[in-house]
Amino acid sequence: MRTIIKILISVIVVFFSVFTNAQFNAGGTFTGTATDLSSISNVTANTTISLTGDAIVNYHNQANGALTINGDLTFNSDFEKILGGNGTSLPFVTVNGNLTITGSGEAITNTKEGSNFGTDVTLAVANSASFTASSCIIPTASGIDLNNNGTGRIELNKTIFKKITTDPTQIVRFDFIDTPDTYIDVVLDGIGGLITGLGNFVGLEFKNGGSIDSNHNLESAGQSIYGIGNKNADLSNLQFAGNIGSYSLKLRNNNTMTINGFDLPLDQIGITGRLGLGNPNQGAVFFERDVSFKIKDANGNVESAIIQITDNRGTGDTFTTPVTYNFTTIADGTSNTETILLGLSNGLNANNQAQYENFESYGDDDDMDVKMTANIISYKHLISSTTVDMVGLDELIFTPAPLGEDSSITEVDKTIVDAYTTQETTAKAYDHLKAILVNNYSGETATTVTRNNNILNARNLNVVIDGSGTGAPTVSATTITLNAPVFTGNIITTGTVSSINGATIYGGYIDNVGTHKFVDLKWNQISTNDVSIVNKDDQSVISGPTTSANSFQGHFLVPDPAPTNGIEIQIDALSNGPNLYKAAINDEDLDFVRLDIDLIDLGTEFNQLEMLNILERLLAKVEGINNSMNNTTTPTITINETITNTADDGTLQNQETILMVLKRLLNKVTATREALKDE
């Protein structure tokens, strides 16, 4: 039954050829319009029917002739093919009209090798003709001439040109001069090629040494891409991997070639030919790639992230000024797409001929695998950097590691921060400076300042607090100016810290002069006292005494080196009166704020020793009286006591010694009294 069906289908094909308006003359010329190859099936000995499974494939065998298409011919290569053998006349298929091939089968096969590329080809498309092929395969032992530089059009989409000969001179000639031709995902399988004008390749893959070369007189069977006649060619997605011949790119006559997307490091793509001629915009091969980003954090997509890539052009390169590429993400985390120039080849010898590879890479460290650093900033996130490998095909949509949260940010709404007019705290200063950095980002890898709680670290910048300033802080190469009548917080910098227009710094700071600690005191008693800052190593006064009523506020410069035993705040009654308050300032603290101090009289070691001296003298007197009354010789008094003598506060040891002497004195007085009673 299956055989009967296939025979019926064959009969239908023949029947259709009788009633079609297309004609194929005995001389091999097709005219009219047809949607399959049945129009040529009535030519004696030129048609065979082959059964493959359930499919019917019509092999239209022109083994001893040739085919000229003057009309509009369309056929499906999954079911129909045109065959040419050793007796074929060349050119085998000539298109003067329109030829459209669909399907993914072998569409036109010719096994005869040609000796003259200009005429001995498998397929020739005339100047005003059109040729469209989608996904089909064209195996050939001769060249393919697509040099239609007239009003016709060539459209290739996933078309494979496959060489079935060992002759390296057979190539496919592409021409872009006057026609808006389209070449998408073309595959050159073992066959060479020639670009003879303007145009674009969007996807070009090499297999088994396939190439586009300088002319039909190839120097090798290796890959080459060639442009001629002062014309430029734009190609994308060149797949070289595994098919390297002696040259990958061959140029002459000042033409320029741009390749967007390629799968090898630059120094593995050989170039020869006539390049440059003293003009960097001519006779050169430019390598580029379309790049975009997808930015995320731990919670999802990141909007308004800014990414910058600055290439590594410089001294000795054809182009010496580095170029910066800018990207910004939208709500879904994706950025705009930029075409990045990754490098070029523009080498010359004394005869203006590049007979060697001479590549310029604009990647980091001029590396030929073209890796570039992308710096990423987002207001609510830490600044990050990532390395992007630029070698590859199609647009690169790069997704770096998720951004980390910037824990130093206090106000997360950047629009609020942008509207700040003063920066009176370390939190507002950090947030506003971070917002300004984002707004004017130029590739910085660190924030202008850092913040750790109430400490603002300005790195090596000078810091000026402007008491009458308003608006955003200003940042120059050397100085940050913050606007605040009173700035609350501590500042660290290796530059200088100063205040202008009546500004007050309510906090300590470290600058190139030294460490300036801030002290703010307020005591509860209504009294005027002396405030001193004391070096505990030698009890010298670092600052003061300053006479203050109920409160004290000010900065002092810490000695260099800092005292080993620390620094102490002392509040004393006026005119060297008794000490009313003292407290040590921690070494790591830049500020010392105490606003609820109760003043009390503090015992001192000096007073304790004076008391002890008086008690010892009184004990000696009482002992003497007692001995006189008893008519005894005055003995030597021995007191075993342990005391401190460091010119500091009163101590427990001294108190215990005083108590011991007092008890002994009491015993002596009691004994003397009893002696008087007896008399």
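Let's start with helix α3. It has 14 residues and reaches 20 Å from its first C-alpha to its last, close to the 20 Å expected at 1.5 Å a residue. Keep in mind throughout that this is a predicted model.

Is α3 mostly covered or mostly open? Mostly covered. Twelve of its 14 residues are buried. Among them are Ala-427, Tyr-430, Leu-433 and Val-438. Charged residues are on the list too, including Lys-428, Asp-431 and Lys-434.

Stay with Lys-434. Its side chain meets that of Asp-406 in a salt bridge, 2.8 Å from N to O. Where do the two residues sit? Lys-434 is in helix α3, and Asp-406 is in the loop between β36 (396-398) and α2, so the pair ties together parts that are 28 residues apart in sequence. Both Lys-434 and Asp-406 are buried. There is also a network: Lys-536, Glu-568 and Lys-582 are joined by salt bridges that share partners.

Now step back to the whole protein. It has 679 residues, and 48% of them count as buried. What is the secondary structure? Five helices and 53 strands. The accessible surface comes to about 30900 Å². Carbon and sulfur atoms hold 50% of that surface. Then the contacts. Take those with a separation of 6 or more: 59% of them involve residues 24 or more positions apart.

Back to salt bridges. How many are there in the count? Eight. In general, side chains of opposite charge can pair when their charged atoms come close. Here are two examples beyond the helix. Arg-153 forms a salt bridge with Glu-155, with the closest N and O atoms 2.4 Å apart. Arg-153 is partly exposed, at 28% relative accessible area. Glu-155 is partly exposed as well, at 32%. The other example is Asp-369 with Lys-371, where the closest N and O atoms are 2.6 Å apart. Asp-369 is partly exposed at 27%. Lys-371 is partly exposed at 28%. Set that beside Lys-434 and Asp-406, which are both buried.

Next, one of the sheets. Four strands form an open sheet, in the order β31-β30-β34-β35, with antiparallel pairing. Which strands stand at the edges? β31 (324-328) and β35 (384-389). Each has a single partner strand, so one side of each is left without a neighbour in the sheet. From one strand to the next, the twist averages 25°.

Look at one pair inside that sheet. Strand β34, residues 371-377, pairs with β35 in the antiparallel sense, over six bridges. To find a place to look, pick Asn-375: its bridge partner in β35 is Ser-385.

Now a loop just before our helix. Thr-421 is in the loop between α2 (414-418) and α3 (426-439). Is Thr-421 buried or exposed? Neither: at 42% relative accessibility it counts as partly exposed, because that label covers values from 20% to 50%. What does Thr-421 touch? Leaving out residues up to four places away in sequence, Thr-421 touches Thr-470, Gly-471 and Asn-483. Take Gly-471. Thr-421 and Gly-471 are 50 residues apart in sequence, yet 3.8 Å apart in space, C-alpha to C-alpha.

Last, some backbone details. Start with cis peptide bonds. One joins Gly-544 and Pro-545, with omega about 0°. Pro-545 lies in strand β49, residues 540-549. Another runs from Asp-560 to Pro-561, with omega near 5°. Where is Pro-561? In the loop between β50 (551-557) and β51 (567-573).

Then positive phi values. Asn-453 has phi near 60°, a positive value in a residue other than glycine. Asn-453 sits in the loop between β37 (450-452) and β38 (455-457). It is exposed, with a relative accessible area of 59%. Asn-550 also has a positive phi, about 70°, although it is not a glycine. Asn-550 lies in the loop between β49 and β50. At 23% relative accessibility, Asn-550 counts as partly exposed.

To close, return to where we began. Helix α3 is mostly covered. From that helix, Lys-434 reaches Asp-406 through a salt bridge.

Methods
Residues are numbered from 1 along each chain as its sequence is written. This is a predicted model: local features need pLDDT of at least 70, side-chain atom pairs count only at pLDDT 80 or more; totals for chains, interfaces and linings use all residues. Side-chain values use heavy atoms; hydrogens and water are left out. Helices (H or I, at least four residues) and strands (E, at least two) are DSSP runs, numbered from the N terminus. Buried means under 20% relative accessible area, exposed over 50%, partly exposed in between (1.4 Å probe, protein chains only). Contact means heavy atoms within 4.5 Å. Accessible areas come from the Shrake-Rupley method with a 1.4 Å probe; for residues, only the protein chains shown count as cover. Two strands pair if DSSP finds at least two bridges between them. Axes are lines fitted to C-alpha atoms, for helices over the stretch in contact, and angles run from 0 to 180 degrees between N-to-C directions. A salt bridge is a side-chain nitrogen of Lys or Arg within 4 Å of a carboxyl oxygen of Asp or Glu. The expected span of a helix is 1.5 Å times one less than its number of residues.
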